[in-house]
Amino acid sequence: MSAEGLPASRNAALRLALDCDLGAVRPMTSLIRDFLREHGAGSDEVHASELAVAEACNNAIKYVNAAARQRKIQVEVLWSSEQLELRVNDHTNGFEWPKQIDLPDAASETGRGLYLIQSVMDRVQYFRGRGENCLVMQKNRHGTVALLNGQQSEVHGELQGRLSESEKVIRDMAEELSFCYESLSAIFRCSAELGKSNDLEDFARRLLGDLAQITSAEWFVFRQARLGEAKLEMFVSSDSSVLLPALSLPEAATRSVEAEAASAREDVWFDYLNPLKDSDPLSKVRPGSVGLVHPIYLGDTLIGTLTIAKSSGSFTAVQANVVHTFADFLAIQIVNARFTDELVRNRLVSRELEIAKTIQRSLLPKAIPRLSGYGLAGFCESAHQVGGDFYDVIKITDDTLLLIIADVMGKGIPAAMFAAILRSLLRAVPEWMNQPAALLARVNRLLFEELSGVDMFITAQLVYVDSRARRITAASAGHCPVLLALDGEGNVKTLAPEGLPLGILPDTTFSNHTEILPRNCRVLLYTDGLTEARNSAGEFFGQERLIRWLRKSAAGRKTAEELKEELASELASFQSTSSLNDDQTFLIMAE
């Protein structure tokens, strides 16, 4: 802003060049106030001039287009013993000055400024040009008007009547406009800073610091409500050394105005007549303060409470409204931050699930080895939450192989990683593959420390198959039984060797169960995702239903691949529209 003035004389002038920035308006009106006082203007003349020029400049800044924003607004104050004249030259597109200016409705967003200017000035003229307009506002000096017209008392009485009629409306409008401009400026500035740093705590401290300055408050405390918990905890305060205990709701409502406001969902005021209780944590901040606590809600969700106070005086209704505006804006930013955090977490979880699925798929054999006289087929369907299910078939000789099926307790990458480790350990000692129980004991000792350290365990089933001897040897680490269909008549036998899951005890022993394979037999290894599958009525598929399907499969000679497709279809039909709660994995061997 640049200014030039003339020495005090009969006629004086002040010329100002104002940037198109709302923040420059208040310093400019201060210069005008000092100039008028220096030349003997009365308080009414000074106040009227400040209001009129501030409103005119605010409109000139508000409605200027981007192309003209770099051009300065010219303000002139012309002073004489007879008249005070104010001129504002702007670079907006201009408008048609209304013939009649009435006080607009309270709900109206426009018209107040023109009414205010007309109310405090004696004459107003608006000259509209191309790219530049001039608003001329004139006010007669009281003494001069009386001398010119010879009717001093009559004119003075008329003027006082007009001012008295509009004084309260003008004062309230001016105060509200001033708060609105300052509030918007603070909100925009803090929002820009939040966009750069994403530091919500720093944003809240800056925003509430501006609020305290605008409302002439001396201190503030903002508490945030924990998600899913009825508790208020300190978030920021004007004094970083202030540490207040958490408040449980609604228990603390009898001793804390913050808890009272949150529970009642309305403002709570405290002052000399209604002081804070000694038991109230706020009483320790600055004893004897006056202020209010505003509970912040979005819908039915409690976001927190905002306390703002000072040592003396009281807050006006307009200031209380400003507190509400800032609190609501802060609540929106907090909810946005929570939403953003949740979105990031969901993306991370989604990425983790993709990685886990990739690991899980990599554990499955790309091609199942052939075994003389038998067919083999495997199936693995992942649930929405990826687990640690996997199956493997390891060829030892042309006539022998090891069937493996396992389920790692847990979801996501940890489960998939332990499944990968288990698969590697089982494949690392081919000389032990004909001894399933001993192999499980060795693997358990190697994995115990890592599994127990994260409270996880693995169930597994190993089946060593010797096609020449027509014999299988099974060992289980707390896994589902092996189902063996003995003949074409549909007789089914369950093989359930004893053994705890891997990772429960460091020195667990396991036992082998050996069976001779009859003609036309079928062997089924599976995870509990099959038996615990639910239909839309909430019923489990169950082991009995699985055994009935295996019995029914005895009718007709079917390959292992055909049996796999049939069982997968049976499971899908049973679950219908129900989603998977767990992975479903099985291995079938058929003669």
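**Exercise 1. Find out how confident the prediction is, and where the confidence drops.**

Let's start with the whole chain. This predicted model has an average pLDDT of 83, and 85% of its residues score at least 70. Next, look for weak stretches. Residues 3-10 have a pLDDT below 50, and the model gives this stretch 19 contacts beyond near neighbours in sequence. Residues 143-152 also stay under 50, with 6 contacts beyond four places in sequence.

**Exercise 2. Work out the strand order of the open sheet that holds β12, and name its edges**.

Step one: trace the pairing across the sheet. Its 6 strands follow the order β9-β8-β7-β12-β11-β10, and the pairing is antiparallel. Step two: look for strands that pair on one side only; these edge strands are β9 and β10. Step three: zoom in on one pair. β7 and β12 run antiparallel and are joined by 6 bridges, and Q224 stands opposite G304 in β12.

**Exercise 3. Describe the surroundings of I303, a residue of strand β12**.

First, check exposure. I303 counts as buried because its relative accessible area is 1%, below the 20% cut-off. Then list its partners beyond four places in sequence: they include R223, Q224 and A225, then I296, Y297 and L298, and also I334, V335 and R338. A331 is another contact of I303; the two C-alpha atoms lie 6.3 Å apart, although 28 residues separate the pair in sequence.

**Exercise 4. Decide which side-chain interactions K310 has: is there a salt bridge, or what else does its side chain reach?**

Begin by placing the residue: K310 belongs to strand β12, which spans residues 301-310. Now test for a salt bridge. K310 is buried, and the nearest side chain of opposite charge, that of E218, is 7.5 Å away. A salt bridge needs a distance within 4 Å, and K310 has none. Finally, look at the backbone: the K310 side chain reaches the backbone oxygen of S314 at 3.3 Å. Among the other residues in contact with K310 are T215, S216, W219, S289 and F315.

**Exercise 5. Explore helix α7 from its start to just past its end, and say what covers its buried residues**.

Start at the front: a side-chain oxygen of S256 comes within 3.2 Å of the backbone nitrogen of E258. Moving along the helix (residues 257-264), you find V257, E258, A259, A261 and A262 buried. Their cover includes β7, β8, β9, β10, β11 and β12, the strands of the sheet in Exercise 2. Just after the helix, R265 takes a positive phi of about 60°.

Notes. Residues are numbered from 1 along each chain as its sequence is written. This is a predicted model: local features need pLDDT of at least 70, side-chain atom pairs count only at pLDDT 80 or more; totals for chains, interfaces and linings use all residues. Side-chain values use heavy atoms; hydrogens and water are left out. pLDDT is the predictor's confidence in each residue, from 0 to 100. Contact means heavy atoms within 4.5 Å. Helices (H or I, at least four residues) and strands (E, at least two) are DSSP runs, numbered from the N terminus. Buried means under 20% relative accessible area, exposed over 50%, partly exposed in between (1.4 Å probe, protein chains only). Lys and Arg count as positive and Asp and Glu as negative; His and the chain ends are not counted. A polar contact is a pair of N or O atoms within 3.5 Å; within protein, one must be able to donate a hydrogen and the other to accept it, and residues adjacent in sequence count only if both atoms are side-chain atoms. Two strands pair if DSSP finds at least two bridges between them.
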